[in-house]
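Take a look at the protein below. The report starts with one residue and then widens to the sheet, a helix and the cores.

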Amino acid sequence: WLPKRLGSDYNVFFYRRPGYSGKSMGSRQKWLKHQLNRGFKSKPLLDDFVVDEIQYLRKGKRPFFLLVHVNVTPLESPDPGLWERRAENDAETRAWKEIWDADYVYTSKHSQFIEQWKTEYRESIKKRNKRLEALYAAFQERQWDKDTLLFITADHGKMFSNGKAWYGFHPDEEVARVPFLVLGDNLQGTDTRLSETIDISQTILSNFSIDEKLSPEAYNLLAPAKTKFTTTLTRASKIRAEHFLNVYDGEQKFTFNLASDKELDLSGAHFDIRKIVATYGFK
């Protein structure tokens, strides 16, 4: 009812993170979490809540866009996962802090902690995949795939090899890519074109007949347009001279360490990607 009351035609956003302790949440976040969960019985988001919500939205005559952010670790359970449990166990807390302080690089003394983390993480993915299968089965059963697109994507995954525990600081290929599925409208096959996260947003805008471009390089993934190159950027390490930019051009991958270039100002979250690639002579 809230988007309708606000006069929004397109966007419904629902964010719920079961098991979250809330210790790092600000007052506004706590209030929002309380409002969203007030009187709300716990139910699996992907194969229960989402189905009910789509059913409700389809009753209206307006186009709709439902975004659901599901946290994989707590498994939609009131019990916190390892990610949020670290403050409750001295050994886990100590190991976590050491890895955190090293920009997510671990050593052999953290092997037990890493193995535990790896096991929980991979089990959570298996359970999430079952939820996704159930969601798509419900989607097809109701024949929503005839006129409604379902996008499924995710954040970057975690690494547990080469002494690295998280994608943020590392340019490794196994975490540079993310899964992205588009289901419905009799779509078939695999799209091997280069694409970025911004293209997902551009695809949504295009399907609502909004012509505005989010970026000169952004394109509709359901259209035949192509991009010349795509990029990924790691976080800059505060303890190592590492800040990696990957540039993908067809079958080639170029990796630059921006930390070695003092002329580029990459402070903050915004940067000019064309300036960066031009500086390194990439054409």
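## An exposed lysine

Lys228 is exposed, because its relative accessible area is 73%. Here buried means under 20% relative accessible area, exposed means over 50%, and partly exposed is in between (1.4 Å probe, protein chains only). Accessible areas come from the Shrake-Rupley method with a 1.4 Å probe, and for residues only the protein chains shown count as cover.

This is a predicted model, in which local features need pLDDT of at least 70 and side-chain atom pairs count only at pLDDT 80 or more, while totals for chains, interfaces and linings use all residues. Residues are numbered from 1 along each chain as its sequence is written, and side-chain values use heavy atoms, with hydrogens and water left out.

Lys228 sits in the loop between H8 and E5. Helices (H or I, at least four residues) and strands (E, at least two) are DSSP runs, numbered from the N terminus. Which residues does Lys228 touch, not counting those up to four places away in sequence? They are Leu194, Tyr248 and Asp249. Contact means heavy atoms within 4.5 Å. Lys228 and Asp249 are 21 residues apart along the chain, and their C-alpha atoms are separated by 6.8 Å.

## The three-stranded sheet

E5, E6 and E7 form an open sheet in the order E5-E6-E7, with antiparallel pairing. Two strands pair if DSSP finds at least two bridges between them. E5 and E7 (252-257) stand at the edges with a single partner strand each, so one side of each is left without a neighbour in the sheet. Neighbouring strands of this sheet are turned by 20 degrees against each other on average, direction ignored. Axes for such angles are lines fitted to C-alpha atoms, for helices over the stretch in contact; angles run from 0 to 180 degrees between N-to-C directions.

Four bridges join E5 to E6. Thr230 has Tyr248 in E6 as its bridge partner. Thr232 stands opposite Asn246 in E6. On the other side, E6 and E7 pair over six bridges. Leu245 has Phe256 in E7 as its bridge partner. How many of the six residues of E6 are buried? Five are, and E6 is mostly covered.

## Positive phi values

Most residues other than glycine have a negative phi. Some residues here take a positive value. Gly250 does so in the hairpin of E6 and E7, which has two residues between the strands. The table sets two residues other than glycine side by side.

| Residue | Phi | Relative accessible area |
|---|---|---|
| Tyr104 | near 65 degrees | 6% |
| Ser209 | about 60 degrees | 62% |

Is each of them buried or exposed? Tyr104 is buried, whereas Ser209 is exposed. Tyr104 is found in the loop between helix H5 (90-101) and helix H6 (111-141). Ser209 comes just after H8.

## A buried serine and a helix

Ser237 lies in the loop between strand E5 (230-233) and strand E6 (244-249). Why does Ser237 count as buried? Because its relative accessibility is 11%. Its side chain makes a polar contact with the side chain of Asp103, at 2.5 Å. A polar contact is a pair of N or O atoms within 3.5 Å; within protein, one must be able to donate a hydrogen and the other to accept it, and residues adjacent in sequence count only if both atoms are side-chain atoms. Leaving aside neighbours within four places in sequence, Ser237 is in contact with Asp103, Phe169 and Glu242.

Helix H8 (residues 197-207) has buried residues too: Asp199, Ile200, Gln202, Thr203 and Ile204. They pack against strand E2 (65-69), strand E3 (150-153) and strand E4 (180-183).

## Cores and totals

In soluble globular proteins, nonpolar side chains tend to be buried together. A nonpolar core is a set of buried Ala, Val, Leu, Ile, Met, Phe, Trp, Tyr and Cys residues joined through side-chain atoms within 4.5 Å. The largest core has 14 residues, of which Val50, Ile54, Leu135 and Leu150 touch the most other members. Helix H3 (45-57), H6 and E3 each give two or more residues to this core. H3 gives the most, with six residues. Apart from it lies another core, of 13 residues, including Trp117 and Phe169.

The protein has nine helices and seven strands. Of its 283 residues, 34% count as buried. It exposes about 18500 Å², and carbon and sulfur atoms supply 51% of that.
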